[in-house]
Amino acid sequence: MTERPPGSGAWRLRAYAGRDTVTDHPIQITRSFRGTETAARKALAKLVTEVEAGKFVRSRVTVSELLDKWLAHIEAVGKARPKTIYEYRRKIDGRIRPALGSVRLNRLEPDTLDGWYQRWLAEGLSPSTVRIYHSILSASCRQAVKWGWIDRAPTDRASAPTPKSPTMKVPTPAQLSAMVAAAAIDDPVLAAAIALAALTGARRGELVALRWSDIDLEVGIVRIERGITVVGGVAHEGPTKTHQVRRVALDEVGVETLRRHWRFVVDRSDLVESPLVDHPYVLSYQAHSGTPVSPDTVTHRFKALCTKLEAPARAMAKKRGRDLTADERWPFHFHELRHFSVTTLLAAGVDVRTVAERHGHAQATMTLNRYAHALPERDRVAAGVLGRALSS
């Protein structure tokens, strides 16, 4: 403690609170006090007690510094795929850092977070998007607690918006057949991608990562162990989303679809005299099949196909001065072919665990929660079983 000026009764009390966990600089907690020397010593003792009890935060890190440290951490320990980290960084730099980056972490309050959540909603962001921002902040704050930077995550007391459950659009078998037939005329690679997506339920990135060495047409098995993601225009091949390796069975239709596509691949290679590479990709626009189709290319071409299939009905509706009916629309995304696979199997009575394992869901509960709408048909079957048992 220091009296300034001497004899004034004005004291500056200072206690050492350790070193900053980010900068490693010493942290000094300072407090002003006015009174006698005896009273000042008591005040200093109280200050030291508060410091030792952990009342004062040991780091003066900002939210921006935390986010940078957290991103580097999850990338180093492999907790997220490159695509996920890229999206995190894009969202952080786009909105979170400009809004909250300069705020000291120990001064980040729940009402501040709620205020920004409401502001982002008012700016037109969807509840789902704002909740992603909240998830990023929550994960980084929870890590800060583990590192000892703060005692409690302020995000635990913030109120993230509840996203609305999106309406799941699933093509009918007739629509799916029309997609494959239309694509086969001009784009056999896309036709194969559509058929494989519906038959295996594999994710887009998993499909484009498939090589012919992953397929056993004699047994009718597809081994799915890799995925391709595009980050900043660069393709990265790595494990599947859930790091699972799974074997998916194919029936006669699936085997014949792949046999037909293999003949196309071989004929194309022979036609332009470009020999196939070792372990060629199943989906490739190169004659040697050494370069996989980009996941984004699959998305864009599928969207163009749906627009083409919808065009005749749209022209007829315009001619008659009416809007398209629901059955005439083709509002599908490529990922909804995976939904087709899951819902078709569940409606047919295949057990949830088998469906979850086939589609690479981390837990069967995820399948139940997301695809509960496909279960009423199974409930009707169950009702019939019980009815027959009662009447027998």
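**Note on the predicted model: overall form, cores and strand pairing**

1. Of the 392 residues in the chain, buried residues make up 39%. The model is a predicted one. Its secondary structure comprises 14 helices and eight strands.

2. The overall dimensions deserve attention. The radius of gyration of the chain is 30 Å, whereas a compact globule of 392 residues would have a value near 21 Å. The C-alpha trace spans about 100 × 65 × 55 Å along its principal axes. About 21,900 Å² of the chain is exposed, and carbon and sulfur atoms supply 53% of that area.

3. Contacts across the sequence are well represented. Among contacts between residues at least 6 apart in sequence, 59% join residues at least 24 apart.

4. The largest nonpolar core has 41 residues. Met179, Ile194, Leu258, Phe302 and Phe334 have the most contacts inside this core. Two or more residues each come from α6 (173–186), α7 (188–200), α8 (204–208), β5 (221–224), α9 (252–271), α10 (295–319) and α11 (336–347). Of these elements, α7 gives the most, with nine residues. In general, nonpolar side chains tend to be buried together in soluble globular proteins.

5. Leu258 offers a useful point of inspection within the largest core. With its neighbours within four places in sequence left aside, Leu258 is in contact with Leu196, Trp212, Ile215, Leu217, Val222, Leu250 and Val282. A second core, separate from the largest one, has 31 residues, among them Ile92, Val130, Tyr133 and Ala160.

6. Three strands form an open sheet in the order β4-β5-β8, with antiparallel pairing. The edge strands, β4 (215–216) and β8 (246–249), each pair on one side only. Between β5 and β8 the antiparallel pairing runs over four bridges, and Ile224 stands opposite Arg246 in β8. Strand β5 is also one of the elements that contribute to the largest core.

7. Further strand pairing is found at the start of the chain. Strand β1 (residues 2–3) pairs with strand β2 (residues 10–19) in the antiparallel sense over two bridges, with Trp11 in β2 as the bridge partner of Glu3. These two strands form a hairpin with six residues between them, and Gly7 in the turn has a positive phi of about 80 degrees.

8. Strand β2 also pairs with strand β3 (residues 26–34), in the antiparallel sense and over eight bridges. Here Ala10 stands opposite Arg34 in β3.

Methods
Residues are numbered from 1 along each chain as its sequence is written. This is a predicted model: local features need pLDDT of at least 70, side-chain atom pairs count only at pLDDT 80 or more; totals for chains, interfaces and linings use all residues. Side-chain values use heavy atoms; hydrogens and water are left out. A nonpolar core is a set of buried Ala, Val, Leu, Ile, Met, Phe, Trp, Tyr and Cys residues joined through side-chain atoms within 4.5 Å. Buried means under 20% relative accessible area, exposed over 50%, partly exposed in between (1.4 Å probe, protein chains only). Contact means heavy atoms within 4.5 Å. Two strands pair if DSSP finds at least two bridges between them. The radius of gyration is taken over C-alpha atoms; the globule rule is 2.2 Å times the number of residues to the power 0.38. Accessible areas come from the Shrake-Rupley method with a 1.4 Å probe; for residues, only the protein chains shown count as cover.
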